[in-house]
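Me: Hi! Could you walk me through this one before I start working with it?

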Amino acid sequence: MKKLKVAIVRGAFLNAYEMQSFEPLVDRYALTAFGSWSSFHHSFSFPTKTLLSPMDLPVFPYKMQLINRLFVDAHYLFGLENALAGFDIAHTAEMYYRYTQQALDARKMGRVKKVIATVLENIPHNNEGIWGRKEFKKRSRLELDHIIALTHKTKDALLLEGADEKKITMIGHGVDVSRFTPKKEKKDQRAPLLVLFAGRFEYTKGVDDVLTVIRMFTADEKYRSLVKFQIVGDGSMSSLVDQALEELPEGFLERKNVSYKDMPGLYAHADIVIAPSKPTKTWDEQYCTVLLEAQAMGLPIVTTRTGGIPENVGEAAILIEPGDAKGLFHGVRTFVDSKEMRDTYGKKARKRALLVHDARLVADKIASVYEKVLSR
């Protein structure tokens, strides 16, 4: 029997984090991922087709402002309409992304049968300030065959914007629980506990609060030999991290940048994970992949009560208010002071990963949407 053809269209945001929820589908569907030349990742267990995009332009002053105004949205893929010929489903992302409009155009031309979009945006009427985007979103609401909402918060935003509830299914991202799995080797009980932050060095990820917490721990002599921190990533606040590295006691803070394939090994050396995201007027944490991975690794987590995070972690983490550095400090200290708490929350985390976030379960939900849409 010939497999149905599914195009997963993600442009510059094509990445291994999300694709692990699609890889269990390779035996059921003929999958092809559509990315751009500057995509995060290009290699998966299914083929990738690379198309040129304005997102591939080198960074220059006001790049995004300029190309968003030229294209309404910069996530345009040259030649996508023709490339979708013969596919049964085009699975895009976000209502206002230009390639979602292109997929709808391709369906209108008879080149693809159905168009589905996964929506992460959780702020109602966000991204409507640029001329044309409001119309893009309205068209998507009317013409998409189905919408996958990442969280209930996303679904609520879609409903407030006027989306048809019958068209929406809530499916979160998944994680490969066989790749991200608890470490087996026993740690030297005399070694300091390692607290890990992994993510973009940006205000929205709370990296400034992480640095405040680190300084709070160094101020207490009791903890200088009990704990150390590792910050992994890069971003616009790198200079603050580098400044902290110079000021803090040697060995108390380490900065790293690793490839995604090395992330399981990174978590294997961690004892506690922190992810103190905080919202702005135009952005709120949509899910946070690090929290999925930390749960799968069976690690105790301290994170914030914002965006899609509470839906992601449930009761498998200590939740504090965003921007509350003192609360973050107390949360981390709770785990540092109590092995029993670390073990309890670590077990909760792994259990939730297996029952809720396993990529195979998520893939089954996505397949159910495909079958439902194709049966109409």
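Reply: Happy to. Helices (H or I, at least four residues) and strands (E, at least two) are DSSP runs, numbered from the N terminus. This is a predicted model, where local features need pLDDT of at least 70 and side-chain atom pairs count only at pLDDT 80 or more, while totals for chains, interfaces and linings use all residues. Residues are numbered from 1 along each chain as its sequence is written, and side-chain values use heavy atoms, leaving out hydrogens and water.

Me: Thanks. Where does Cys-288 lie?

Reply: Cys-288 is in the loop between E11 and H10. Its phi is positive, about 85 degrees, although the residue is not a glycine. For background, most residues other than glycine have a negative phi.

Me: Is Cys-288 buried or exposed?

Reply: Cys-288 is buried, at a relative accessible area of 10%. Buried means under 20% relative accessible area, exposed over 50% and partly exposed in between, using a 1.4 Å probe and protein chains only.

Me: Which residue in the loop between strand E5 and helix H5 should I look at?

Reply: Take Asn-127, which is found in that loop, between E5 (112–119) and H5 (133–143). Asn-127 also has a positive phi, about 60 degrees, without being a glycine. Asn-127 is partly exposed, with a relative accessible area of 22%.

Me: On to the sheet. In what order do the six strands come?

Reply: The order is E10-E9-E8-E11-E12-E13, in an open sheet with parallel pairing. Two strands pair if DSSP finds at least two bridges between them. E10 (253–256) and E13 (318–320) stand at the edges with a single partner strand each, so one side of each has no neighbour in the sheet. From one strand to the next, the twist averages 20 degrees.

Me: How many bridges join E11 and E12?

Reply: Three bridges, in the parallel sense, between E11 (residues 272–275) and E12 (residues 301–304). Ala-275 stands opposite Thr-303 in E12.

Me: And which helix packs on the sheet?

Reply: Helix H8 (residues 238–247) does, touching E9 (227–232) and E10, and the direction of H8 makes about 145 degrees with that of E10. Helix H10 (residues 289–296) packs on the sheet too, touching E8 (193–198), E11 and E12, with a direction about 155 degrees from that of E12. Contact here means heavy atoms within 4.5 Å. Axes are lines fitted to C-alpha atoms, for helices over the stretch in contact, and angles run from 0 to 180 degrees between N-to-C directions.

Me: Got it. How do H7 and H12 cross?

Reply: The axes of H7 (residues 207–218) and H12 (residues 325–337) come within 9 Å and cross at roughly 60 degrees. The two helices are therefore oblique to each other. Angles under 35 degrees count as roughly parallel, over 145 as roughly antiparallel, 65 to 115 as roughly perpendicular, and the rest as oblique. Residues that meet across this pair include Val-210 and Phe-217 in H7, and Leu-328 and Phe-329 in H12.

Me: What about the angle between H13 and H14?

Reply: H13 (residues 339–357) and H14 pack at about 20 degrees with their axes 6 Å apart, and H13 and H14 are therefore roughly parallel to each other. Leu-354, Leu-355, Val-356 and His-357 in H13 meet Ala-359, Leu-361 and Val-362 in H14.

Me: Switching to the inside: how many residues are in the largest nonpolar core?

Reply: That core has 53 residues, and those with the most contacts inside it are Phe-22, Leu-25, Tyr-267 and Tyr-370. H14 (residues 359–374) gives the most to this core, with seven residues. A nonpolar core is a set of buried Ala, Val, Leu, Ile, Met, Phe, Trp, Tyr and Cys residues joined through side-chain atoms within 4.5 Å.

Me: What does Phe-22 touch?

Reply: Not counting residues up to four places away in sequence, Phe-22 touches Ile-8, Arg-10, Leu-31, Phe-46, His-91, Ile-366 and Tyr-370. There is also a second, separate core of 31 residues, which includes Val-210, Phe-229, Ala-244 and Phe-252.

Me: Last one: which residues of H4 are buried?

Reply: In H4 (residues 98–108), they are Tyr-99, Thr-100, Gln-101, Gln-102, Ala-103, Leu-104 and Ala-106. What covers them includes E1 (4–11), H3 (80–83), E4 (87–93), E5 and H5. After H4 comes Gly-110, whose phi is positive, near 85 degrees.
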